[in-house]
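Please find below my notes on this model, set out as numbered points. They take up the overall build, then a pocket, then a patch on the surface.

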Amino acid sequence: AIATLKPGEVSFAIDVAPVLIESCLSCHGGLETESGFSMAAFSRLLRGGGSGVAVQPGQSAESLLVKKIRGTGIDGQR
């Protein structure tokens, strides 16, 4: 069954995954990944990598992944 989104809700599959696939998987999608961080599966995305946990559920502004995408409050590459 397909879930119906309410206005303002975000779908990982529709809104987030395509951005990660296009912009991130070249370095974070295989077996040998940059900083040990893989986005090849949702569970691996949540696990994080060498820089720690990348996603803070319910606290997107505090998530390392969001900070990296924005290029703010980070060390290292984005």
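1. Read from the N terminus on, the elements of this predicted model follow the order α-α-α-α, which agrees with a count of 4 helices and 0 strands in the protein.

2. As to overall dimensions, the C-alpha atoms fill a box of roughly 35 × 25 × 20 Å when this is taken along the principal axes. The protein has 78 residues, of which 21% count as buried.

3. The second largest pocket holds about 420 Å³ of space. Its lining is made up of 17 residues, and those closest to the centre of the pocket are Val16, Val55, Ser60, Leu65 and Val66. Two or more lining residues come from each of helix 1 (12-23), helix 3 (42-47) and helix 4 (64-70), and it is helix 4 that gives the most, with 4 residues.

4. On the chemical character of that lining, the residues of the second largest pocket divide into 11 nonpolar, 5 polar and 1 charged, a split that a colleague preparing this pocket for further calculation may wish to have at hand.

5. On the surface, Phe12, Phe42 and Leu46 make a nonpolar patch of about 260 Å². Of these residues, Leu46 is found in helix 3, an element that also gives two or more residues to the lining of the second largest pocket.

6. Is Leu46 buried, partly exposed or exposed? Leu46 counts as partly exposed because its relative accessibility is 36%, a value that lies between the limits of under 20% for buried and over 50% for exposed.

Methods: Residues numbered from 1 in each chain as written. Predicted model: local features only at pLDDT ≥ 70, side-chain atom pairs only at ≥ 80, totals over all residues. Heavy atoms only, no water. 1 Å grid on protein atoms, 1.4 Å probe; cavity = no way out; pocket = protein on both sides within 12 Å on 5 of 7 lines; lining within 4 Å. Points joined across faces, edges and corners; volume = space filled by probe spheres on them. Nonpolar A, V, L, I, M, F, W, Y, C, P; charged D, E, K, R; others polar. Patch = residues over 30% accessible without salt bridge, like charges linked within 9 Å, V, L, I, M, F, W, Y side chains within 5 Å. Areas by Shrake-Rupley, 256 points an atom, 1.4 Å probe, with all protein chains shown as cover. Salt bridge = Lys/Arg side-chain N within 4 Å of Asp/Glu carboxyl O. Buried < 20%, exposed > 50% of the residue type's maximum accessible area, 1.4 Å probe, protein only.
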